[in-house]
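Grab a pencil and work through these exercises with the model open beside you. Try each task before you read its solution.

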Amino acid sequence: MHLDRIDLADIHAPRAIAQAVHKQLGEIEPPVPVISIAKALDITEICTQRFYGFEGMLLTDRVRSRGSILANTKRGNRRARFTIAHELGHFLIERHKLFGPTGFLCSAQDMRETRKAQMHMRQEREANQFAINLLAPPSLFDALLSQDPELKDAQQLRDHLNVSLEAVIRHLVERRPECLAAVWSKDGHIRYWVSGDGFPWITCKRGERLSSLSVASKIVAKSSGEFSTFVDTNPIAWTNRSNIELFEQTRLSPSGHAVTLLWADVPDEDDNDNGGLYELSAPKFR
């Protein structure tokens, strides 16, 4: 495989860099060969094994002449593929500053972070954007989406692209035009959530039990089925809004891990609800 880093040098946006890599690759069959891509872009060594204390590491010099990547396999090979792509993102995004004298060290929490305020967190968010757009480009991702939001799409895309289910669902929430959010839970307790643009403020807190008003709480209590269907639900179970239509669908695994996809129908006239702009409303908890 031959790729040219010079063609990527003047591109700064993470998604645009991933698109430029795919433009050089041309039409490919999934899954995206992330190891071959990294080696064609001057990553000389990639080590995948179980590590403790970090999720991924990029060893490089300040001018990024070449690099080595370490990726933790503790969370599975799909997660390791994402970690390799994430560290490759740090390598290719030239404005990213090294965390130490020898490169980048990324924890699992770093790679989940979505806040924009701090430089470190911004770099992690941008490396994640590059990674998912490299591993799940629109040409391979959008073709498998149903007409309406559907969690089964995420599972099919996970297998098709060899990317973790969490990464696929985050990408689905971001790419679909509907107003979506996803909430992850374990044994009926909230772990974290992500939401797309315009989704109402989610009132869930980490560690809290799923609201008894939610359909998800009943599915978890009964341990019934892997996938539920999308059903109308009480918006107060999830959000601070009572005047919207809200639908939810849950995927429950035998281990007790569950993800619930929320789909809100927010009326246009609610854009300036509560006398203020959305950007000035109360901050979300993440």
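Let's begin with a term: pLDDT is the predictor's confidence in each residue, on a scale from 0 to 100. You need it here since this is a predicted model.

**Exercise 1. Find out where confidence is lowest and where it is highest in the protein chain.**

Step 1: Start with the whole chain. Its mean pLDDT is 88, and 89% of the residues reach 70 or more.

Step 2: Go down to the elements. Helix H4 (residues 108–112) has the lowest confidence, with a mean of 68, while helix H2 (residues 34–40) has the highest, at 98.

Step 3: Check for weak stretches. Residues 273–286 have a pLDDT below 50, and this stretch has 25 contacts in the model beyond near neighbours in sequence.

**Exercise 2. Describe the overall make-up of the protein chain: how many helices and strands are there, and what share of the residues counts as buried?**

Step 1: Count the elements. You should get nine helices and nine strands.

Step 2: Look at burial. Of the 286 residues, 51% count as buried.

Step 3: Look at contacts with a separation of 6 or more. Residues 24 or more positions apart account for 57% of them.

**Exercise 3. Work out how H5 is oriented relative to H1 and to H3.**

Step 1: Take helix H1 (residues 14–25) with H5. Their axes come within 8 Å and cross at roughly 30°. Angles under 35 degrees count as roughly parallel, so H1 is roughly parallel to H5.

Step 2: Find who touches whom. Pro 14, Arg 15, Ile 17, Ala 18, Val 21 and His 22 of H1 meet Glu 126, Gln 129, Phe 130, Asn 133 and Leu 134 of H5. Sorted by class, that's six nonpolar, three polar and two charged residues.

Step 3: Now pair helix H3 (residues 77–92) with helix H5 (residues 119–135). Here the axes come within 8 Å and cross at roughly 120°, and H3 and H5 are therefore oblique to each other.

Step 4: Pick out the contact residues. Among them are Phe 82, Ala 85 and Leu 88 of H3, and Ala 127, Phe 130 and Ala 131 of H5. The contact of H3 with H5 has ten nonpolar, five polar and two charged residues.

Step 5: Add the handedness. H1 passes H5 in a right-handed crossing, and the crossing of H3 and H5 is right-handed.

**Exercise 4. Place Leu 151 in the model: which helix holds it, and is it buried or exposed?**

Step 1: Locate it. Leu 151 sits in helix H7 (residues 151–161).

Step 2: Apply the cut-off. Buried means under 20% relative accessible area, so Leu 151, at 3% relative accessibility, counts as buried.

Step 3: List its partners. Leaving aside neighbours within four places in sequence, Leu 151 is in contact with several residues, including Ile 169, Phe 227 and Val 259.

Step 4: Zoom out to the helix pair. H7 and helix H8 (residues 165–175) pack at about 130°, with axes 9 Å apart, which makes H7 oblique to H8.

**Exercise 5. Do it again for Phe 104: is it buried or exposed?**

Step 1: Find Phe 104 in strand S4 (residues 103–106).

Step 2: Its relative accessibility is 1%, so Phe 104 counts as buried.

Step 3: Compare sequence with space. Phe 104 and Leu 59 are 45 residues apart along the chain, yet their C-alpha atoms are separated by 6.6 Å.

Conventions: Residues are numbered from 1 along each chain as its sequence is written. This is a predicted model: local features need pLDDT of at least 70, side-chain atom pairs count only at pLDDT 80 or more; totals for chains, interfaces and linings use all residues. Side-chain values use heavy atoms; hydrogens and water are left out. Helices (H or I, at least four residues) and strands (E, at least two) are DSSP runs, numbered from the N terminus. Contact means heavy atoms within 4.5 Å. Axes are lines fitted to C-alpha atoms, for helices over the stretch in contact, and angles run from 0 to 180 degrees between N-to-C directions. Angles under 35 degrees count as roughly parallel, over 145 as roughly antiparallel, 65 to 115 as roughly perpendicular and the rest as oblique. A crossing is left-handed if the near helix is turned anticlockwise from the far one by less than a right angle, and right-handed if clockwise. Ala, Val, Leu, Ile, Met, Phe, Trp, Tyr, Cys and Pro count as nonpolar, Asp, Glu, Lys and Arg as charged, and the others, Gly among them, as polar. Buried means under 20% relative accessible area, exposed over 50%, partly exposed in between (1.4 Å probe, protein chains only).
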